Amino acid sequence: MRIADVADREFTWNQPSMWKSHYQLFSNATLLADLTYSGLLQNRARIESADGCWDLRYRGFWQRQVDFSPCGSDQVIATYQINFWKGGGLLVFPFDRTLKLNANLWRNEITLTMPESDLPLVRCTRPSIWRIAGAITIEPGASFLPALPLTVLLCWFAQVQQIREQMAAAAA
């Protein structure tokens with residue numbers, strides 16, 4: 001099932017096994033997408049859904065970013081430019097289309113907005129810092145986004161990545 005087909009519902013995501021770097025996105029009981037990391041400390045991941053398949057690759061050390069490419073391709077179709085100091089970053093699409101990602105660590109919430117507005121388009125929340133699961137809500141104003149599936153999946157990926165980085169910092 002495609003994300004746009006169920007955009008009016010809430011999505012949930014979880015980690016089926018705490019021993020694997022694999023996460024699933026659901027709408028009710030329907031599996032929408034899988035997020036799988038190549039390994040525990042790897043800088044590559046893959047998202048597969050009915051909307052498409054994307055490989056995610058990290059680049060940079062001081063100025064980190066994640067490149068989204070169709071599976072098996074090196075052509076970058078979107079870039080998530082992480083801004084650690086401001087809590088979030090930018091999702092940049094071709095032709096200078098940009099969305100702003102805002103991370104609120106105190107509320108365990110990530111929102112995607114237009115750069116000139118603070119009205120959320122997609123909201124990703126976690127009920128607790130101890131639980132590796134959460135919910136995604138697509139706001140009514142987000143239906144105009146041509147890249148809605150990738151936007152929802154980025155919000156989910158950013159939330160999972162935030163958990164992985166917190167776990168790595170705690171283990172260090």
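This is a chat about strands, salt bridges and two loop residues in a predicted model.

Student: Let's start with β10. Which residues does strand β10 span, and how many of them are buried?

Tutor: Strand β10 covers residues 109-113, and five of its five residues are buried. Keep in mind that we're looking at a predicted model.

Student: Okay, and which residues sit on each side of β10?

Tutor: Glu109, Thr111 and Thr113 are on one side, with Ile110 and Leu112 on the other. Both faces are covered.

Student: How many bridges join β9 to β10, and do they run parallel or antiparallel?

Tutor: Five bridges, and the two strands run antiparallel. β9 is made of residues 97-104. For a specific pair, take Ala103, whose bridge partner in β10 is Ile110.

Student: What's in the hairpin of β9 and β10?

Tutor: There are four residues between the strands, and Asn108 in that hairpin takes a positive phi near 55°.

Student: Now the other neighbor. How many bridges join β10 to β11?

Tutor: Five again for this pairing, also antiparallel, with β11 running over residues 120-125. Leu112 stands opposite Val122 in β11. The hairpin that joins β10 to β11 goes through six residues.

Student: And going back the other way, which strand is joined to β9 by six bridges?

Tutor: That's β8, residues 88-93, and the pair runs antiparallel. Val92, for instance, has Thr98 in β9 as its bridge partner.

Student: Switching to charges. How many salt bridges are there?

Tutor: The count comes to six. One of them pairs Asp118 with Lys100, where the closest N and O atoms are 3.4 Å apart.

Student: Where do Asp118 and Lys100 sit in the chain?

Tutor: Asp118 is in the loop between β10 and β11, while Lys100 is in strand β9. The two are 18 residues apart, so this pair links distant parts of the chain.

Student: Is Asp118 buried or exposed?

Tutor: Asp118 counts as exposed because its relative accessibility is 62%, over the 50% cut-off. Its partner Lys100 is partly exposed, at 22%.

Student: What does Glu109 pair with?

Tutor: Glu109 meets Arg123 in a salt bridge, at 3.3 Å from N to O. Glu109 is in strand β10 and Arg123 in strand β11, 14 residues apart.

Student: Why does Glu109 count as buried?

Tutor: Because its relative accessible area is 10%, and buried means under 20%. Arg123 counts as partly exposed, with 25% relative accessibility.

Student: Which other residue forms a salt bridge with Arg123?

Tutor: Glu139 does, with 3.6 Å between N and O. Arg123 lies in strand β11 and Glu139 in the loop between β12 (133-138) and α1 (148-171), so the salt bridge ties together parts that are 16 residues apart in sequence. Glu139 is partly exposed at 22% relative accessibility.

Student: Which residues are joined into one network by salt bridges that share partners?

Tutor: Glu109, Arg123 and Glu139.

Student: New topic: Asp51. Where is Asp51 found?

Tutor: Asp51 is in the loop between β4 (44-49) and β5 (52-59).

Student: Is Asp51 buried or exposed?

Tutor: Asp51 counts as buried, because its relative accessibility is 15%, and the limit for buried is under 20%.

Student: What does Asp51 touch?

Tutor: Leaving out residues up to four places away in sequence, Asp51 touches Arg2, Ile3 and Pro149. As for Ile3, its backbone nitrogen lies 3.0 Å from a polar atom of the Asp51 side chain.

Student: Last one: what's the phi of Asn28?

Tutor: Asn28 has a positive phi of about 55°, although it is not a glycine. Worth flagging, because most residues other than glycine have a negative phi.

Student: Where is the place of Asn28, and is Asn28 buried or exposed?

Tutor: Asn28 is in the loop between β2 (22-27) and β3 (30-37). With a relative accessibility of 61%, Asn28 counts as exposed.

Methods. Residues numbered from 1 in each chain as written. Predicted model: local features only at pLDDT ≥ 70, side-chain atom pairs only at ≥ 80, totals over all residues. Heavy atoms only, no water. Buried < 20%, exposed > 50% of the residue type's maximum accessible area, 1.4 Å probe, protein only. Pairing = 2+ DSSP bridges. Polar contact = N/O pair within 3.5 Å; in protein donor to acceptor, adjacent residues only side chain to side chain. Contact = heavy atoms within 4.5 Å. Salt bridge = Lys/Arg side-chain N within 4 Å of Asp/Glu carboxyl O.
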